[in-house]
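Q: Please take a close look at a single chain of this model, and treat the remainder as its setting. A connected account is preferred to a list.

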Amino acid sequence: MTIIQATLEGAGANLDTGRFTAMLDTMWRIRAFEELAVRSLDEKLVLGAIHPSIGQEACAAGICCNMEREDLLLSTHRGHGHTLAKGADALAMMRELFGRDGGTCGGKGGSMHIADFDVGMLGANGVVAANITIAAGAAHALKLRGEKRVVVCIFGDGAINRGPFLEGLNWAKVFDLPVLFVCEDNNFSATTHTAAMTAGPGAAARAQSLGLPAQTIDGNDVVAVDAATRNALAALHAGEGPQFLHCKTYRMTGHTAVDAAAYRDPAEVTRWRERDPITRLGEALRLAGVSEARLEEARTKAYAEMEEVYATARDTAWPDVAGAYRDVQDCGDPQVRPYS
Amino acid sequence: MSVISYLEAGKRAVREEMQRDPTVWALGEDLGRGGVFGQYKGLIDEFGPERIADTPISEACIMGAAVGAAMTGTRPIVEMRFSDFALCAIDELVNQAAKARFMFGGQMRVPMVVREPTGMWRSSAAQHSQSLESWYTHIPGLVVVAPATPADNLGLLKSAIRNDDPVVYLEHKNLWPLEGEVPEGEHLVPLGEAQIVRTGRDLTLVTWSATRHSCVAAADALEKQGIEAEVIDLRTLWPWDRDRVLASVEKTGRLIVAHEAVAVSGFGAEIAATVAEALHHRLKAPVQRLGAPRIPIAYAPPLEDEARVTEKKIIDAAKALCLPVAAS
Ligand SMILES: Cc1ncc(C[n+]2csc(CCOP(=O)(O)OP(=O)(O)O)c2C)c(N)n1
Ligand SMILES: [Mg+2]
């Protein structure tokens with residue numbers, strides 16, 4: 001794999017404004033979606049836990065814009081951004097968060113279990129690192145079937161300390177599978193600094209030790225994420241086997257929407273706020289000549305869209321209770337019934 | 001007596017046992033910050049980070065390391081965060097912890113407590129809501145405990161920590177804020193002893209964990225309708241208090257077992273079968289099990305509710321069983 005080093009600040013006037021204005025739109029849509037999801041807690045619309053990815057939008061946008069609709073994506077409990085960027089319908093997602101009819105999973109899964117197979121989104125996951133072995137299997141099937149599609153599996157920095165990380169990466173390498181593993185490193189494993197719980201030089205080195213080409217990049221720089229993903233996917237398509245990306249970013253909220261995250265160093269938070277991926281991309285686009293009006297439109301359109309999504313989702317009915325019994329399995333009666 | 005919450009009671013148990021026995025320690029994710037529900041809050045200040053150990057997200061190693069540490073002279077308290085995540089460490093628990101003493105010919109014991117917050121809790125959906133106690137009751141070598149009140153959480157957790165075999169300790173997430181009286185001073189509840197929560201002559205309601213509270217409410221309502229239900233909280237599922245249950249059903253002649261877990265292969269089946277075997281001739285009505293339908297737990301509240309054993313379901317079942325009593 002040839003490594004192209006590209007950065008926002010380095011792009012200057014050469015920034016592909018068409019591509020990255022679209023990226024800005026995506027990032028604002030994610031930001032707006034999640035801010036409204038968090039706000040909805042005031043109205044008790046989101047019911048269970050939600051894990052916002054505010055501050056991490058460059059990863060979702062930069063990765064997913066390089067994927068075809070039929071390529072497969074696996075995500076985590078912090079998966080709204082990935083799912084939106086992969087092309088899932090925002091209204092169906094918000095309905096899912098509110099547990100309503102017409103939700104992506106019929107209201108049965110909620111935030112942590114959103115999947116949209118129509119756009120190749122094979123699921124968020126409530127179990128840390130569980131998606132890694134599943135991604136290896138999906139890639140295995142694509143290879144068996146001789147398909148050209150590829151798999152991208154995104155997980156957090158905390159996930160690399162679970163066994164499935166080793167097993168999934170090793171498997172992918174041994175079977176030479178078309179899967180890109182992305183460690184979206186936001187510094188935290190719930191309320192703990194991941195660094196305090198992780199031995200050695202980290203995610204990329206672990207991947208390299210198993211023979212996977214791995215690159216560590218600034219995950220708040222969408223140009224860098226975009227270029228690195230493009231490279232990695234090209235390597236997959238060239239049959240070079242599994243690839244690895246380590247995107248360094250920061251979780252601007254608590255672990256869940258109700259976590260005040262008082263355990264963070266305020267100076268650290270400020271430092272990262274200054275590196276907000278949306279602000280940085282806006283600056284770069286401005287320097288490259290994109291008009292103020294277009295930059296503003298990216299933001300306002302996103303919030304207008306999501307306000308409408310919010311209102312519609314709020315006014316949607318609950319799902320039919322019969323759904324509780326649907327899609328469990330084909331055979332067998334779920335009820336213990338009296339003999340008659 | 002003082003009034004504290006179920007959560008505080010669990011914390012007090014850990015604190016008292018850690019003060020009493022320097023070999024007791026706890027390990028799990030986010031324990032330094034007090035654990036995901038705050039059930040360890042402040043303990044790190046008192047005992048330090050070596051005895052309240054923050055771990056990586058490595059359930060298999062948390063459990064496996066506890067097995068090794070338990071074999072080597074300490075008493076680990078394993079925090080699994082949600083019982084659902086204990087499934088990432090089931091080999092370490094079932095193949096290792098539960099069997100080591102037997103396999104190795106009794107050369108050592110594995111004194112560890114595995115805390116697994118369990119059950120339905122405000123739209124947590126299919127991977128954060130399960131009640132899997134019957135899996136553990138099936139495994140020789142494990143003790144299984146499911147407290148329903150602050151006093152029991154205090155007394156049973158202390159007994160669990162002192163127990164020399166591995167204990168799966170299931171605290172119900174919905175009960176964390178529940179307040180109740182607990183005795184001052186040392187309070188131990190023996191493992192394996194059920195509690196008769198209220199007495200009655202018409203019907204025995206056997207239950208545990210959060211469903212205990214639905215059963216008590218149902219029994220209160222039934223009393224007004226002329227049906228006296230005896231409510232027994234098993235508290236410990238293995239070993240379970242067979243004698244107390246059988247004595248009660250011998251008296252009442254009617255049994256309902258009510259639990260939150262899926263009814264099929266739930267632990268209620270064991271109790272129903274035992275009663276049918278032992279008291280067939282004394283039963284005035286068929287034994288009845290109330291549990292969840294065999295469905296994963298959904299996120300949307302109306303669907304989630306389908307899985308619940310409610311007070312109303314208990315009342316309806318009791319009335320159906322006791323029709324002649326109510327009529328008389
Ligand atoms: C196997 C397992 N253990 C614990 C948890 C509880 N949990 C949910 S998210 C989380 C932190 C995960 O950190 P990371 O992988 O870095 O993802 P992030 O939340 O930072 O996106 C934990 C411990 C879980 N869901 N699954
Ligand atoms: Mg993280």
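A: Secondary structure is assigned here from DSSP runs numbered from the N terminus: a helix is a run of H or I with at least four residues, and a strand is a run of E with at least two. On that basis chain A contains 12 helices and seven strands. Its radius of gyration, taken over C-alpha atoms, is 20 Å, close to the 20 Å given for 340 residues by the globule rule (2.2 Å times the number of residues to the power 0.38), so chain A is as compact as a globular protein of that length.

The model is predicted, so local features require a pLDDT of at least 70 and side-chain atom pairs a pLDDT of 80 or more, while totals for chains, interfaces and linings use all residues. Residues are numbered from 1 along each chain as its sequence is written, chains are lettered from A and ligands numbered from 1 in the order in which they are written, and side-chain values use heavy atoms, with hydrogens and water left out.

The C-alpha trace of chain A spans about 75 × 50 × 40 Å along its principal axes, and 57% of its 340 residues are buried. Buried denotes a relative accessible area under 20%, exposed one over 50%, and partly exposed the range in between, with a 1.4 Å probe and protein chains only.

Chain A also supplies a metal site. The magnesium ion (ligand 2) has as protein donors A:Asp157 (OD), A:Asn186 (OD1) and A:Phe188 (O), which lie 2.1 Å from it. Donors are N, O and S atoms within 2.8 Å of the metal (3.2 Å for Na, K and Ca), and since water is not among the atoms, sites may look incomplete. The donor residues follow the sequence spacing D-x28-N-x1-F. A:Asp157 belongs to the loop between β2 (151-156) and α7 (163-174) of chain A, whereas A:Phe188 is in strand β4 (residues 188-189), so this pair ties together parts that are 31 residues apart in sequence. A:Asp157 is buried at a relative accessible area of 4%, and A:Phe188 is buried with a value of 4%.

Chain B, the part chosen for the close look, has 12 helices and 14 strands. Its radius of gyration is 20 Å, in agreement with the value near 20 Å for a compact globule of 328 residues. The C-alpha atoms of chain B fill a box of roughly 65 × 40 × 40 Å along the principal axes, and 61% of its residues count as buried.

The backbone of chain B has some marked local features. Most residues other than glycine have a negative phi, and most peptide bonds are trans. B:Trp238 and B:Pro239 are nevertheless joined by a cis peptide bond, with omega about -5°. B:Pro239 sits in the loop between β12 (236-238) and α9 (242-252). B:Arg235, in the loop between β11 (229-233) and β12, is not a glycine yet has a positive phi of about 65°; this residue is buried, with a relative accessible area of 7%. B:Asp30 likewise has a positive phi of about 65°. B:Asp30 is located in the loop between β2 (24-28) and α2 (43-51) of chain B and is buried at 4% relative accessibility.

Chain B is also prominent around the internal spaces. On a 1 Å grid over the protein atoms alone, a cavity is a set of points where a 1.4 Å probe fits but cannot get out; a pocket is an open set with protein on both sides within 12 Å along at least five of seven lines; lining residues have an atom within 4 Å of a point. The largest cavity has a volume of about 70 Å³, and of its 14 lining residues B:Ser131, B:Glu133, B:Trp208, B:Ser209 and B:Glu260 are closest to the centre. Strand β13 (residues 255-262) of chain B provides the largest share of that lining, three residues.

The second largest pocket holds about 530 Å³, volume being the space filled by probe spheres set on grid points joined across faces, edges and corners. Among its 21 lining residues, A:Val336, A:Arg337, B:Gln288, B:Arg289 and B:Leu290 lie nearest the centre. Two elements of chain B, β14 (288-292) and α12 (311-327), give two or more residues to this lining, and β14 gives the most, with five.
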